[in-house]
Amino acid sequence: MATDLVIGIDSSTSATKAIAWDGEGRAIAEGRAPIAMSNPAPGQFEQDPAEWWGSTETALQQLAARIDVGRVAAIGISNQRETFGVFSKDGEALRPGIVWLDERAKAQYRRFGQSFGADRVHAISGKPLDVIPPIYRMLWLQENEPELFGRADKITEVHGYLTHRLTGNWTTSTASADPMGALDMRKKQWSGEILEAVGVDPGKMLNL
């Protein structure tokens, strides 16, 4: 049997879609499931990482009922950028994931820009100094939830978490790591300089 289909998983801010595409780029079938979001305080937006995976499972199950899964050659993942979570060694979320819309780290990113240097941030990561990259929300967690943040074994965006659930491996792509704000764009690896300044153990970041 020909393996002529590729499944694209799109885990967005409000839903996960799973679409099967053929070799001509035509959408053959689709599955979809929602992802809820909470607003625990002004400017704060969170999601349960279990829903990132649960919605993916549901979307894939719906899709599998509509295609011959024996035709599937590969799966690709796209995801909402700048959304991340912190996880234990067994892959359980230690707290709700923080969504890209979140603005709780305004004080942290401004202070980091003053101490580390906005120009240096841009030179390493290619990112302007801004509240959106998760690296500053990691700093917020470091300051506001230190015990919990210290227990984190892995810190990852949605792509890395879904890859772990699908394969058992904690790994991600440079394209998905880039929005985290701690990737050295020239070396295509995590910036030890930025992580050290924020107080994040490089071993908690995913393999690239």
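Which residues of strand β6 point one way, and which the other way? The views below show a predicted model, in which local features need pLDDT of at least 70, side-chain atom pairs count only at pLDDT 80 or more, and totals for chains, interfaces and linings use all residues. Residues are numbered from 1 along each chain as its sequence is written, and side-chain values use heavy atoms, with hydrogens and water left out.

**View 1. Strand β6 and its partner β8.** In β6 (residues 84–87), F84 and V86 point one way, while G85 and F87 point the other way. All four are buried (under 20% relative accessible area, against over 50% for exposed and in between for partly exposed; 1.4 Å probe, protein chains only). Helices (H or I, at least four residues) and strands (E, at least two) are DSSP runs, numbered from the N terminus. Strand β8 (residues 154–157) pairs with β6 in the antiparallel sense over four bridges; pairing requires at least two bridges found by DSSP. T156 of β8 is the bridge partner of G85.

**View 2. Helix α3 and its surroundings.** Of the 11 residues in α3 (residues 134–144), eight are buried, among them Y136, R137 and W140. The buried residues pack against β6, β7 (97–98), α2 (106–125), α4 (146–151), β8 and α7 (192–198).

**View 3. S176 in helix α6.** S176 belongs to α6 (residues 174–177) and counts as buried because its relative accessibility is 12%. Leaving aside neighbours within four places in sequence, S176 is in contact (heavy atoms within 4.5 Å) with N79, E157 and H159. S176 and H159 are 17 residues apart in sequence and 6.6 Å apart in space, C-alpha to C-alpha.
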